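Here is a short, informal walk through a few spots worth a look on screen. Have the sequence and the model open side by side.

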Amino acid sequence: MARRWRRWGAAALRLPGKVRFRWRRSLQFRVVAVTMVLSVIVAVGLGEFVADRVAKGLQATRYSVAEGITASGFKLAQSQLQDYGNGTVSDTNFSDAAEQLLTLLNTGSANGQLYQVALEFIGDKAGAVPPTGTWGFGPSVVPAGLKEKIAENANQAFSEYYTLTETSVDGRTVTVPAVLFAKRVSTSDGLTADVYYGFPLRQDQQTLNNVEESLLLAGLVLVLALAVIAWFVTRQVVTPVRMAAAIAERLASGRLDEQMRVRGEDDLASLATSFNKMAMNLQSQIRRLEELSRMQRRFVSDVSHELRTPLTTVRMAADLIHDAREDFDPTVARSAELLQTQLDRFEELLADLLEISRFDAGAAVLDAEPVDLRLLTQKVVDGAEPLAENKGSRVVTRFPQAPAVAEVDTRRIDRILRNLVVNAIEHGEGKDVVITIAADEDAVAISVRDYGVGLRPGESSLVFNRFWRADPARARTTGGTGLGLSIALEDAKLHRGWLQAWGEPGGGTQFRLTVPRTVGTELLHSPIRLEPEDSQHHQRHRRLPAASTAARGLVRSGAIAAIGPGSGPGDSSSRLDRYPGTFVLPPSGPAGSPQPEQARDEEA
């Protein structure tokens with residue numbers, strides 16, 4: 001039994017989640033639920049209105065009948081008391097006369113079911129005739145306020161709603177709503193009596209309860225009927241929509257020959273016909289685009305291969321001219337050097353075009369092996385040192401102490417890192433470039449951070465487009481072809497990894513490469529955040545003062561290493577600083593003297 005209760009409790013706890021899921025995913029459920037809620041509101045409002053009208057009608061009818069009965073009773077009591085006051089009844093028989101009057105007034109009460117009567121004599125006869133009543137109703141149950149009203153206004157009738165306490169047949173005490181009428185009747189010779197009528201509303205209350213129960217049952221039936229009708233009607237509409245959604249999913253998966261079934265000539269049939277026409281046009285357009293894409297890829301591949309033969313010949317001739325440039329006129333010698341440089345760029349562009357054509361044709365192959373990405377990254381950093389010295393930048397590395405091993409294609413990862421590091425140095429405007437490696441159980445991430453011109457909003461999704469430049473007027477001093485990041489992105493996708501970019505105007509950029517540790521593993525997260533913590537957005541969020549170039553790199557690590565006199569930007573011997581777990585950036589002021597912002601950070 002306890003296990004069953006636990007199962008029921010668990011099912012009750014899961015019910016809100018299931019309802020929310022159905023609400024989000026099912027249009028039919030939402031329509032039926034809203035219809036039921038609105039139906040309940042309407043049914044409750046209508047039931048309250050009808051019950052109130054019935055209650056007021058019963059009350060008015062009962063009150064009107066009670067007024068007629070009491071008017072006759074008060075008149076009869078007045079007449080009888082007048083006769084008693086004329087001496088027709090002796091004092092010894094006055095109690096019997098009062099009982100006879102009470103019986104006379106109670107005639108037609110149906111044994112107290114319709115009304116009950118009570119008498120209370122005032123004055124000289126009060127002691128001779130005690131207060132009397134019928135069927136348990138007496139002057140003692142009449143509210144004191146009603147007695148005060150008739151005492152102050154003799155020969156005037158008053159009424160008041162009250163709750164009577166009665167004893168049922170089985171001995172239980174029950175409360176019954178009632179309406180009381182009272183009047184003080186007096187005669188010319190001073191005989192005075194208070195006459196009370198009590199009209200129980202027991203039958204009226206039962207009638208009202210029956211009406212409310214009937215309305216409740218009718219309301220429930222109406223709500224359920226409307227829910228069934230809403231479910232049936234919405235099903236006629238939702239079913240074709242669901243079919244269209246399922247067919248659209250199959251179209252998205254490449255099954256372009258799917259068609260909706262057309263039934264009838266109504267609006268849903270028109271929708272199915274239009275959907276089928278759209279699918280046919282989409283299939284035609286996709287096929288044309290695929291054919292055009294194949295032609296373009298084939299054209300690029302053919303042209304790239306065809307250019308290699310004349311380029312080889314031109315290269316041989318250019319090498320001869322370049323080797324003999326010392327014997328030429330200075331102008332001709334300079335032309336030979338320019339020819340050699342442009343031929344190098346042309347060969348690089350041709351190689352990139354061939355690589356792009358292999359990616360487009362799906363012929364790229366991954367040759368993966370376990371590699372410590374720290375060593376591979378350091379090799380790239382060492383190769384970029386001459387360019388960094390020429391640009392006045394310093395490459396700072398932050399590597400973990402533990403090996404960051406992943407199964408990667410060494411040639412492709414090396415090409416990605418060279419592109420990222422060279423671009424960071426070229427666009428860093430002489431500021432530092434920070435390279436970070438982090439790893440967890442599933443992935444290894446490498447970020448390349450610079451503090452150059454940055455990227456405007458929306459450009460982070462454009463940097464991987466072919467031949468795109470952040471600044472079209474910028475010259476390519478390192479011989480870039482405009483295809484490096486596009487190829488890097490394809491290399492990352494080949495590893496089933498991520499290559500993402502972040503940037504802000506004036507705040508530099510950060511590129512993040514994330515690859516799984518094991519080939520074929522699906523990435524779910526990256527060990528490094530895409531937006532660095534020293535970004536302007538995070539600094540504004542933390543309400544920190546604007547950090548200098550040196551302070552930016554120290555916010556994340558939480559540890560500041562001393563910068564000696566020989567660690568300034570002009571010291572080429574310390575151009576590459578490597579620290580496990582943290583990194584050091586050069587001060588923005590004179591060598592060895594931190595700026596005020598940095599000094600405050602160190603004191604904190």
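## Before we start

Helices (H or I, at least four residues) and strands (E, at least two) are DSSP runs, and their numbering starts from the N terminus. Keep in mind that this is a predicted model.

## Helix H12 and what follows

Let's begin with H12, which is mostly covered: of its eleven residues, eight are buried. Which ones are they? In H12 the buried residues are Gly-484, Leu-485, Ser-486, Ile-487, Ala-488, Leu-489, Asp-491 and Ala-492.

Step just past H12 and you meet Arg-496, with a positive phi of about 60 degrees. Arg-496 is a residue other than glycine, yet its phi is positive. Its place is the loop between helix H12 (484-494) and strand S11 (498-504). Is Arg-496 buried or exposed? Neither, quite: Arg-496 counts as partly exposed because its relative accessibility is 46%, and that class sits between the 20% and 50% cut-offs.

## Another positive phi: Glu-429

Glu-429 isn't a glycine, but it has a positive phi of about 55 degrees. To find Glu-429, look in the loop between helix H11 (410-427) and strand S9 (433-439). With a relative accessibility of 49%, Glu-429 counts as partly exposed; the exposed class needs over 50%.

## Asp-534, a buried acid

Where does Asp-534 sit? Look in the loop that runs between strand S12 (508-516) and helix H13 (536-542). Asp-534 has a relative accessible area of just 9%, so it is buried, the cut-off being under 20%.

What does the side chain of Asp-534 contact? The side chain of Arg-449 joins it in a polar contact of 3.3 Å. Gly-507 is also worth picking out here: it is 27 residues from Asp-534 along the chain, and the two C-alpha atoms are separated by 9.2 Å.

## Arginines at the start of the chain

Now jump to the low residue numbers. Arg-3, Arg-4, Arg-6 and Arg-7 gather on the surface in a patch of positive charge. One of them, Arg-3, lies in helix H1, which covers residues 2-25. Arg-3 counts as exposed because its relative accessibility is 60%, and the cut-off for that class is over 50%.

Note on methods. Residues numbered from 1 in each chain as written. Predicted model: local features only at pLDDT ≥ 70, side-chain atom pairs only at ≥ 80, totals over all residues. Heavy atoms only, no water. Buried < 20%, exposed > 50% of the residue type's maximum accessible area, 1.4 Å probe, protein only. Polar contact = N/O pair within 3.5 Å; in protein donor to acceptor, adjacent residues only side chain to side chain. Patch = residues over 30% accessible without salt bridge, like charges linked within 9 Å, V, L, I, M, F, W, Y side chains within 5 Å. Areas by Shrake-Rupley, 256 points an atom, 1.4 Å probe, with all protein chains shown as cover. Salt bridge = Lys/Arg side-chain N within 4 Å of Asp/Glu carboxyl O. Lys, Arg positive; Asp, Glu negative; His and termini not counted. Charge placed at Lys NZ, Arg CZ, Asp CG, Glu CD.
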